[in-house]
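Let us take a friendly walk through this protein chain together. Please have the sequence and the model open side by side.

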Amino acid sequence: MLPKHYRSNGSKIFLIQGINLKEGARVNISFAFHSTNVFKFNDDNYLCFYTKTPLLVDDVIPILKKENKIHVSPSQVMHCNFDNSFGTKDKDSQKDTVVFYAWHISESIIDDFLQLVYGLARVKAEMHCFYCKITTEERTWHSLIPLLRLFDVDIAFNLDEIPAVYVEDISDTISDDNVSKYFNRNADGIVQIRRDLNHDHDRRYAFEFEDQEKADAFLNEFQDFLIKDTLLNVKPMINDDIFDQAKKTEINIANLDLSPLDRHELRVELEEKYGPIYHLRLYREDSGKCSANVIFFNHKDGLRAIYDKDYEVSFIRTKLWMFNLPPETTEQEIIEYFPSKIRPVSVKICPEEEKSTWWAIVQFNTSKLNDVEQAEQELNNEDRDMIGSFLPFGYIPYHGGHFTRQNIYKRMCVNYMKNNSIFIEKTTDVTVEKVIFLLESNGIDGIRFMHCFPKEKGKQHNFEVTVVSLRDEDDKRKALRALQDESIEGEDIEVREFEKDVFKRRLFFPRKNYKKPDDE
């Protein structure tokens, strides 16, 4: 039984080390607000739970013994309380999640640490080279942070609080071991160096430092530093929201009479004119001249730089990717779809016939961002006009938000598929036009949405499925009756109502397997 009086000096978070239960065991603790399954950490089994009221260790041990038959000694019990020193939430905020970062994770415990955070309920953990981004519910973040602190990791609510930098463009002729040896010998305060295996484009390393002062000193000394005929590109930590804004105003400077090794001179000139630069890279053009890609820390600096009279400057992120388009769509049709004031300057349609989908790269004016931003607003409207027989088609902004847009589109598709939908199976190798012809020839013209899911590799008896969402229940019943015993090109088809299994199939997004067109 719990003590009747309130333990003002008690704790709410308890971690029992060396518990005599199997890994994965579930313990029903009556006085706990939440408890984890038993998990393994550094060869010991642990149980963590949060209590409803503050308790002393002397309260917890007899209750566990009586109610759960768990025998533990005081030396096995670690405990702490809610820690309010990590920030507060705005009461008017609509957000129901909190994001923070765990770093300074020892190499010897990183696998066990990830096993812990991946196994916790109501927690999403993403490992990024040397730090872990943790997203949790607002009601539990105060209790989660002390738990992680028990495992000797540091916590930050902003990435720029972490004393670290990323180093890019290290010559391929230098091995990983020699990278570590060189910088540990020539730089002060390095705690650890890790190769960023999540960065596919080039070699990138994360350097973690003892404090921010040493991280800043490293950036000042090694930015644009020449090693083996290659200039280093050093990037400090930057908060996600700031970077999302900054990359929208990424600019390209063309026809520079420079070589790629003149990067530092260009950096100094641009920073004196506009402000600090987060990313700068020079490329050799076919003409023999160079072009530069630039991202300023402050997105307003990028907006000012576009008017530079000394250079040929254009915005880079002025494209949209539209997908799930009808096969008969033309480039001119897409151009004229947008209001006349913001029409694209060019469109390239990219058919993916093997995936039964068509998509397009839509280029807007590169001298301003207003056009592409207004185009996004138009496309965000779920009641927008359709193109051909499909609604809604999807889009992905080139400036980022890729996965956010994917998730929005997925939810939109699921909502359409849940309502008044039929599923036509065994449509493998059948074109979308033939499916539309079959529907229209049976008097079915109230199509609100259509999507073709291709056959999934490695699965037996798995057919391509075409999903058709109709205007109302009457249209759906009419379609089910009309398409019974129908066939396409002599092949029988099967028509059924909504099935949850269809949601397990993947929607197509062009960027995942995108092969750059020759003239793009």
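What follows moves from the whole chain to its aromatic rings, two helices and a few single residues.

**The chain as a whole**

This is a predicted model, in which local features need pLDDT of at least 70 and side-chain atom pairs count only at pLDDT 80 or more, while totals for chains, interfaces and linings use all residues. Residues are numbered from 1 along each chain as its sequence is written, and side-chain values use heavy atoms, with hydrogens and water left out.

The protein chain has 13 helices and 29 strands; helices (H or I, at least four residues) and strands (E, at least two) are DSSP runs, numbered from the N terminus. Of its 520 residues, 50% are buried. Here buried means under 20% relative accessible area, exposed means over 50%, and partly exposed lies in between, with a 1.4 Å probe and protein chains only. About 27200 Å² of the chain is exposed, and carbon and sulfur atoms supply 45% of that area. These areas come from the Shrake-Rupley method with a 1.4 Å probe, and for residues only the protein chains shown count as cover.

Among contacts with a separation of 6 or more, 70% join residues 24 or more positions apart; a contact means heavy atoms within 4.5 Å.

How confident is the predictor? The mean pLDDT is 80, and 76% of the residues reach 70 or more, where pLDDT is the predictor's confidence in each residue, from 0 to 100. Two stretches deserve some caution. Residues 1-6 stay under 50, with eight contacts beyond four places in sequence. Residues 83-95 also have pLDDT under 50 throughout, and the model gives them 16 such contacts.

**Aromatic rings**

The structure holds 19 aromatic pairs. Rings of Phe, Tyr and Trp (its six-membered ring) pair if their centres lie within 6.5 Å; planes under 30 degrees apart count as stacked, over 60 as edge-to-face and the rest as tilted. Here are two of the pairs.

| Pair | Centre to centre | Angle between planes | Arrangement |
|---|---|---|---|
| Phe183 and Phe222 | 5.4 Å | 70° | edge-to-face |
| Phe209 and Phe218 | 5.3 Å | 50° | tilted |

Phe183 belongs to helix H4 (residues 176-186) and Phe222 to helix H5 (residues 212-222), so their pairing ties together parts that are 39 residues apart in sequence. Phe183 and Phe222 are both buried, and Phe209 and Phe218 are buried too. These four rings belong to one aromatic cluster, together with Tyr182, Phe207 and Phe225.

Elsewhere, Arg204 lies over the face of Tyr166, 4.0 Å from the ring centre. A charge sits over a ring if NZ of Lys or CZ of Arg is within 6 Å of the ring centre and within 35 degrees of the ring normal.

**Two helices with a buried side**

In helix H10 (residues 370-380), the buried residues are Asp371, Val372, Ala375, Glu376 and Leu379. Viewed down the axis, they fall within an arc of 140°, so they line one face of H10. The arc is that of the directions from the helix axis to the C-beta atoms.

Helix H13 (residues 473-482) buries Asp475, Lys476, Ala479 and Leu480. Their arc around the axis is only 135°, which puts them on the same side of H13. Asp474 and Arg481 are exposed on the other side of H13. What covers the buried residues of H13? The cover includes strand E24 (421-425), strand E26 (465-470) and strand E29 (494-497).

**Single residues worth a look**

Just beyond this helix, Asp485 sits in the loop between H13 and strand E27 (487-488). Asp485 has a positive phi of about 65° although it is not a glycine, and it counts as exposed at 77% relative accessibility. Asn255 is another non-glycine residue with a positive phi, about 55°. Asn255 is part of strand E16 (residues 251-256) and is partly exposed, with a relative accessible area of 33%.

Lys248 lies in helix H6 (residues 240-248) and is partly exposed at 28% relative accessibility. Lys248 and Leu303 are 55 residues apart in sequence, with 9.7 Å between their C-alpha atoms. Glu328 is found in the loop between strand E20 (319-325) and helix H9 (331-337), and its relative accessible area of 42% makes it partly exposed. Between the C-alpha atoms of Glu328 and Glu433 there are 8.4 Å, although 105 residues separate them along the chain.
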